[in-house]
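Here is a walk through one protein chain, written to be read with the structure open beside you. Start by turning it around for a moment, then come back to the text.

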Amino acid sequence: SIGGLRRGLKASGRKRAMGDFASLRALPQPRRVAELAPEAQSFKAFRVRQTHDEVSRVTSMAFSPTEPYRLAVASGTKVGLWSKGKEEALENYATVRKFKDITQCASWRGDGKLLLAGEASGSCAVIEVLTRKPLRRFRGHGDAVSCCAFAATDRSKAATGGRDGKLRLWDVATGDLIHTVDAHSDCMKALSPAAGGPEAWITAGYDGRVKLWDLRVADKGATGACAISIDHGHPVEAGCTFPGCAMYISVGGPAVKVWDLAAGGRPVQEIAEAHSKAVTAVCLDSTASVLLTASFEGLAKVWHAASLEHLWTYKLPAPATCAAWRPDDKAFAVGLDNGRWILRERKFALKAEVPQAGAETQEPQQVVDDAEEKPKESWPSRQWAKREGYLRGQDHEAASDDEVVDLVHKKRRKEAQLDFFLRKFEYRKAIEFLVLHNLPPSEGLAVIEELLERGALRSALSNLGTELCRSLLQWMMKAFSSGDGLQERLLFEALHTILDGNSCLQPPSTPELQEIFKKLEDKVHQEMMMQEAIIETGGMLKAVMSL
């Protein structure tokens, strides 16, 4: 077990005290050196297809779940409906303006025929997409309607959440209010249908709580209706459910967290510092394998939904407020605080642009700027040869009064790949290089010691993923029991850091990891027995020599 392995490591050697962290000057821009990972190639192909400037900030965006995948954009006192037109570009074919206040949210029904749109005045309009007119309005919130959604299993039910923190369930056909629950003590920001019928809902808000509600027992009071309550740790800005509604993703502050609602709200994955500022949007693709987050820092990031491994980063021209993934997984849209929204669509590279094997390409976690690329100027060829005047150079003959100096050109030593990664502060790539090339224990532990001295060991060994953790633990098993006390302490420090920084090891998530942990525990016990035998032998020798 992990607990036994930790106790064994502490018993067999003391942790080495970490040196003081030396602050490093931030580089203006990282150099693009490493090969592009296969998982990241598809996200590099997402290029800016279209941009549009609204009158005010974009508050919500949503794609229709059915073809032709219309896009609803809430901005100002209107909701714009966009659909594919000529040359596959989106065209604004309709605009719903029958709102008295700023629109706050938008959500489609599963068949794509109805659209919910909440506004700051406290009402929510049910819009018929065919006629582009509101059929009816849900009135009852004392403040702005900040989130809304249709029930997944019953098209005649819809729910709204407001800035007053209340959850309301409505009958779409009649517009009657069915249930009202005091869900949150602050503004409710996220609302999703849950497994269990039209009376089951998942909510999250600025009070930092994620809650699962069963409105069938709402008559017994709000306490009885809340089945699960989870603390996100930050004010929650957005959330979404996995298929089946058994797992939920909440974002708020700089953190992204995944919860298993079927297991009572157990945390599954977490990134405490996914962004440097508040994460304002999150969405999944249709296969629930890729996660997109957008933040107020002006970045949109793509993650593996299972492991939360970072795949790609897109740089935005302004802080992001919302994001939506198109159901065909070929495009996604991001709304910005300055009123602009950006549509990125997958564009496959031509054969001439496909990188050759061994060629130098961009790194996996590459930042792509949404700013327009400026065309390169074609400079005319210049002739630098000087034909007249005062000539100097290697071919110039020395005059009688000139002193000739022979220059000794030192050959530049080729830099090793591992030294290059350390010089460029690319510590994760140094760990990957260590595992990929199966470095000897002396060289590998030298890398760990260098990272420890720089104060970067924890960041380099955190969130490695299942495969990289397995490979690194296998390498450490080979480096175990080298006989050097310093090397053993370095190895123990690295093992503790891996156990603390990787959720896939708490507990081991795969049979391969469980087998490796069993072997590691056996090696620790063997080392402890050997040290006990050495201590006993040393005591006997000391007693004999003192006679």
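How many bridges join strand β3 (residues 71-75) to β4, and do the two run parallel or antiparallel? Five bridges hold them together, and the strands run antiparallel. Bear in mind that this is a predicted model.

**The sheet around β4**

These two strands belong to an open sheet of four, in the order β2-β3-β4-β5, with antiparallel pairing. At the edges stand β2 (58-63) and β5, and each has a single partner strand, so one side of each is left without a neighbour in the sheet. Going from one strand to the next, the twist averages 25 degrees.

Follow β4 (residues 78-84) and you'll find it mostly covered, with six of its seven residues buried. On the other flank, β4 pairs with β5 (residues 90-96), again in the antiparallel sense, over six bridges.

If you want to check the register by eye, a few opposite pairs help. Valine 73 faces glycine 80 in β4, and alanine 72 stands opposite leucine 81 in β4. For the β4 and β5 pairing, look for valine 79, which stands opposite valine 96 in β5. As a reminder for reading such pairs, side chains in a regular strand alternate between the two faces of the sheet.

Now for the turns. The table puts the two hairpins of β4 side by side.

| Hairpin | Residues between the strands | Residue with positive phi | Phi |
|---|---|---|---|
| β3 and β4 | two residues | glycine 76 | about 65 degrees |
| β4 and β5 | five residues | glutamate 87 | near 55 degrees |

Glycine 76 sits in the turn between β3 and β4, while glutamate 87 takes its positive phi in the hairpin of β4 and β5.

**A second sheet of four**

Move along the chain and there is another open sheet, with the order β6-β7-β8-β9 and antiparallel pairing. Its edge strands are β6 (103-108) and β9 (133-139), each pairing on one side only. Neighbouring strands here are turned by 20 degrees against each other on average, direction ignored.

How many bridges join β6 to β7? There are five, linking β6 to β7 (residues 114-119), and this pair runs antiparallel. A handy marker is cysteine 105, which stands opposite glycine 118 in β7.

**Helix α5 and what covers it**

Further on comes a helix, α5 (residues 427-436). Is α5 mostly covered or mostly open? Mostly covered: seven of its 10 residues are buried. Those are Tyr427, Lys429, Ala430, Ile431, Phe433, Leu434 and Val435. A lysine is on that list, as you can see from Lys429.

What covers the buried residues of α5? The cover includes α4 (417-423), α6 (441-454), α7 (457-460) and α8 (466-479). After α5 comes asparagine 438, with a positive phi near 50 degrees.

**Stepping back to the whole chain**

The protein chain has 10 helices and 29 strands. Of its 547 residues, 46% count as buried. Among contacts with a separation of 6 or more, 51% are between residues 24 or more positions apart. About 29700 Å² of the chain is exposed, and carbon and sulfur atoms supply 50% of that area.

Methods. Residues numbered from 1 in each chain as written. Predicted model: local features only at pLDDT ≥ 70, side-chain atom pairs only at ≥ 80, totals over all residues. Heavy atoms only, no water. Buried < 20%, exposed > 50% of the residue type's maximum accessible area, 1.4 Å probe, protein only. Contact = heavy atoms within 4.5 Å. Areas by Shrake-Rupley, 256 points an atom, 1.4 Å probe, with all protein chains shown as cover. Pairing = 2+ DSSP bridges. Axes fitted to C-alpha atoms, helices over the stretch in contact; angles between N-to-C directions.
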